[in-house]
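Student: I would like a close look at one part of this protein. Please take me through a single strand pairing and then outward from there.

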Amino acid sequence: MDSTDGTPRIGVVIWTSQHLGSELHAALKALKWFDKGGRSRNERREQIGFPCLQSSALTIEQMDELRAVFPYQFEHEVLAVREVGPSVNPHDRLRKCALGWAGHQGAELPGKLVETLPNKWERLGDLIVLPIDAFQDDAWCERLEAASSSNRHELWQNVATALGGTRLARQAQIMDNALRSPQLEMLYGEQTWVEFSDHGVKFGFDAQHVMFSAGNVTERHRIGGLNMQGETIVDAYAGTGYYTLPMLVRSGALHVHACEMNPASIDGLQWGAEANNVADQLTVHQGDNQTTLPSLIGIADRCHLGLLPSSEAVWSHALNCLKPEGGRLHIHMNVEEGSIEEWCEQTISELRQLSKELGRVWTIEAEHLERVKSYAPRVLHIVLDVKCSTV
Ligand SMILES: C[S@@+](CC[C@H](N)C(=O)[O-])C[C@H]1O[C@@H](n2cnc3c(N)ncnc32)[C@H](O)[C@@H]1O
């Protein structure tokens, strides 16, 4: 395979969330690290990787150099990288598949159709989920309406294959209800249940009925990489187990109390707990966490607060869940880029005030700030790790 696909060499591949790809690409080019002749032989769910000229793991100095121009989460690994050969870039494959489809119909694909091809999507196991506006602009609508249903079927099948899946869906309007259940329009295939593994953790859920926060994969890996040996955790927004399952499977947590109000997410969470053999270390508290958290007072070493734009509504409950000797909070938040330091200071001072009101005598400090991703122009999704202790 290598003789036709190109000669492999060993090189560093730097990974980040798919939607930060253009920022990382620009940063690597500015540092003159990007290897434009190389192609990663690996693919990762929800992430994009760029081959670099370095042939061994990045040094601490190099990681600091990259952080200075790319202040988001990234991971690097040393992999076999192809020097030359056909594209393994899914964007190229999508373009070729659309061109091929139009060609089969005896029609040229006008530039406008190529330009408006989707440039991002999510992969949930073998199900590819396109954004709500994919193939929905006037030029594509006109072309698709003119095609027969079997031709459309062929296009959707080819798109799914080009993007590495066997089923294809498009995000539909998120229902305006408390659970914000996403709706999918299935374009190829019918089943909406998905299963996949990531970093040795199995996930499963009905993509039609749950909100799965794709794009936070580096944060999920970070949380799964922390040492929680023997700890009891409260996950206040557990969903399908995006953080709960890595904490149980990878971090060594003893027990997780998972608060969640969406029954469809709970189905996924329970499926994941069984699939990962950790069901006896999980207690699910179904319902609004304003009601369920107050039943978990003084039991936790750590409380995970993974709701955007803010989980402030449960900060007091979360502090109250911690053991008398203290513990840690992981607070997710969307914050304006220029106000992050100020927000951290305000948050710590608010937590000190809340803990005083609860009669907890703790030293409360910011332990770590993680810049997860850009959420909107000039708004960052960050996670503040907070330590509460009696010293
Ligand atoms: C951003 S999602 C996190 C999902 C999870 N990280 C995942 O991807 O599976 C937030 C989750 O919190 C749940 N949620 C939101 N508000 C809640 C509340 N007041 N009480 C309990 N669960 C809540 C939602 O149903 C959703 O599953």
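Tutor: Start with one pair: Arg-302 has Arg-328 in β15 as its bridge partner. This is a predicted model, so every value here is computed. The pair belongs to the link between strand β14 (residues 302-305) and β15, which run parallel and are joined by 4 bridges.

Now look at β15 itself. Strand β15 covers residues 326-336, and 8 of its 11 residues are buried, so the strand is mostly covered. The cut-off for buried is 20 or more other C-beta atoms within 10 Å of a residue's own.

Next, follow the chain between the two strands. β14, helix α12 (residues 315-321) and β15 make a β-α-β unit, and the unit is right-handed. The loop between β14 and α12 holds Pro-309. Look at the peptide bond there. Leu-308 and Pro-309 are joined in cis, with omega about 5°. Most peptide bonds are trans.

β15 has another partner. It pairs with strand β17 (residues 379-389) in the antiparallel sense, over 11 bridges. Two positions help you trace this pairing. Gly-327 stands opposite Cys-388 in β17. Val-335 has Leu-380 of β17 as its bridge partner. So what is the arrangement around β15? β14 runs parallel to β15, while β17 pairs with β15 in the antiparallel sense.

Go on to β17. Strand β16 (residues 363-376) pairs with β17, also over 11 bridges and in the antiparallel sense. Here Arg-371 stands opposite Ile-382 in β17. β16 and β17 form a hairpin, with 2 residues between them.

Pause at the turn. Arg-378 is found in the loop between β16 and β17. Its phi is near 65°, a positive value in a residue other than glycine. Most residues other than glycine have a negative phi. How crowded is the site? Arg-378 has 10 other C-beta atoms within 10 Å and is exposed.

There is a second residue to set beside Arg-378. His-199 also has a positive phi, near 50°, and is not a glycine. It lies in the loop between β9 (193-198) and β10 (201-206). His-199 has 13 other C-beta atoms within 10 Å, so it is partly exposed.

Now compare a second run of parallel strands. Strand β12 (residues 255-260) is mostly covered too, with 5 of its 6 residues buried. Strand β11 (residues 232-235) runs parallel to β12, and 4 bridges join them. Val-234 has His-257 in β12 as its bridge partner. Between these strands comes helix α9 (residues 244-249), and β11, α9 and β12 make a right-handed β-α-β unit.

On to β13. β12 pairs with strand β13 (residues 282-286) in the parallel sense, over 5 bridges. The chain goes from β12 through helix α10 (residues 263-275) to β13, and this β-α-β crossover is right-handed. One pair to find here is Val-256 with Leu-282 of β13.

Last, the ligand. It is surrounded by 18 residues, and the closest are Tyr-237, Gly-239, Tyr-242, Asn-262 and Asn-289. The shell has 9 nonpolar, 7 polar and 2 charged residues.

Step back to the domains. The protein is divided into domain 1 (2-82), domain 2 (90-191) and domain 3 (210-389). The contact takes 5 residues from domain 1 and 4 residues from domain 2. On the domain 1 side that touches domain 2, there are 2 polar, 3 charged and no nonpolar residues.

Conventions: Residues numbered from 1 in each chain as written. Predicted model: local features only at pLDDT ≥ 70, side-chain atom pairs only at ≥ 80, totals over all residues. Domains from an automatic or database assignment. Contact = placed C-beta atoms within 7 Å. Nonpolar A, V, L, I, M, F, W, Y, C, P; charged D, E, K, R; others polar. Near = placed C-beta within 6 Å. Buried ≥ 20, exposed ≤ 12 C-beta atoms within 10 Å, placed from the backbone. Pairing = 2+ DSSP bridges. Right-handed = clockwise from strand over helix to strand, strands pointing away.
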